[in-house]
Amino acid sequence: MAFDGRNNIIEMHEDERYIEFDTWSPKKITGHRIGAILGCSRFKTPFAAACEIAGFGYEEPSNKYIVAGNAIEPIVREYCRKNVSSISDMLGLKGPAGVEDPAAPERCGYDHFHTEKLFGGLVDGYILENGKRKAILEIKALNRNRWEEEHDSMDDIPLEYIMQAGLYARLSGLDDIVYAIALLEEENYRVPDKWVSTPENTFFVHKPVPKEMDQWMSECESWYNDYIRSGYTPDWDDERDADLLKYLRAGVKKQNKKKR
């Protein structure tokens with residue numbers, strides 16, 4: 001029988017809108033979770049992040065954006081490699097520059113930061129100078145129409161992406177981030193592996209690790225201690241967490257039937 005993390009749920013407190021749980025092996029705070037924990041994510045609430053870390057969240061169904069992102073990442077990384085001189089100029093590097101591929105997720109237990117106890121995740125790559133890591137490479141595949149509607153300039157990077165790459169840079173002991181932004185048209189989502197990276201649809205943005213990064217990490221650690229170590233989630237959002245709540249309630253209902 002497959003493991004069902006919902007068995008870790010002790011009680012769903014419907015009136016107070018939080019879950020009491022027990023877990024033996026909580027997951028790490030990754031770059032994809034830090035924005036949600038701090039309430040800066042458009043896609044995930046602090047409650048959803050807590051459920052994931054506690055081990056009873058659920059995987060979002062695959063969609064065209066996830067599929068496209070996975071297909072396009074290696075294409076963009078190769079484009080970075082071919083245009084590394086532009087990235088080198090952006091960073092002010094003096095020696096020969098290069099692009100380092102990340103370790104394959106399945107070969108590193110889906111975590112590039114094994115020595116870290118609380119934080120972890122997977123990087124998209126590194127920018128090298130003389131074979132030494134100088135910057136984190138963060139690749140984003142985004143819908144062109146949405147990007148142009150929501151951003152006034154090319155270097156207007158969403159805060160949750162800054163937090164994500166900033167965390168990986170800090171864990172890597174680096175001070176700089178290079179974002180490789182790929183802008184997709186709607187038709188590109190149909191066959192994303194045929195997409196070709198060009199100067200018209202791909203651009204680079206350099207950002208230093210934000211000065212607030214240490215404070216954000218400290219806030220995440222406090223949140224982790226307050227909720228995960230204490231066995232409680234933050235309050236859920238009835239609207240934003242609707243699908244997750246449906247999944248969790250179904251699991252609790254199944255558990256209650258078995259107890260009868």
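**Group meeting: a mixed sheet and its cores**

Hi everyone, let me start with strands 8 and 9, which run antiparallel and are joined by 7 bridges. Strands here are DSSP runs of E with at least two residues, helices are runs of H or I with at least four residues, and both are numbered from the N terminus; two strands pair if DSSP finds at least two bridges between them. One spot to look at is Val178, which stands opposite His206 in strand 9.

A quick word on the source: this is a predicted model, where local features need pLDDT of at least 70, side-chain atom pairs count only at pLDDT 80 or more, and totals for chains, interfaces and linings use all residues. Residues are numbered from 1 along each chain as its sequence is written, and side-chain values use heavy atoms, with hydrogens and water left out.

Now the whole sheet. It is open, with 5 strands in the order 4-6-7-8-9 and mixed pairing. Strand 4 (97–100) and strand 9 (202–208) are at the edges with a single partner strand each, so one side of each has no neighbour in the sheet. On average, neighbouring strands are turned by 30° against each other, direction ignored; axes are lines fitted to C-alpha atoms, for helices over the stretch in contact, and angles run from 0 to 180 degrees between N-to-C directions.

Strand 4 pairs with strand 6 (residues 126–129) in the antiparallel sense over 4 bridges, and Gly98 has Leu128 as its bridge partner in strand 6. Strands 7 and 8, by contrast, pair in the parallel sense over 8 bridges. There, Glu138 has Tyr179 as its bridge partner in strand 8.

How many residues of strand 8 are buried? 8 of its 9 are, with buried meaning under 20% relative accessible area, using a 1.4 Å probe and protein chains only.

Helix 6 (residues 159–172) lies across strands 6, 7 and 8, at about 160° to strand 7. Gln164 lies in this helix and counts as buried because its relative accessibility is 4%. Its side chain makes a polar contact of 3.2 Å with that of Glu138; such a contact is a pair of N or O atoms within 3.5 Å, where within protein one must be able to donate a hydrogen and the other to accept it, and residues adjacent in sequence count only if both atoms are side-chain atoms.

Finally, the largest nonpolar core has 54 residues, and Ile19, Ile29, Tyr179 and Leu248 have the most contacts inside it. Such a core is a set of buried Ala, Val, Leu, Ile, Met, Phe, Trp, Tyr and Cys residues joined through side-chain atoms within 4.5 Å. Helix 6 gives the most to this core, with 8 residues.

Notes. Contact means heavy atoms within 4.5 Å. Buried means under 20% relative accessible area, exposed over 50%, partly exposed in between (1.4 Å probe, protein chains only).
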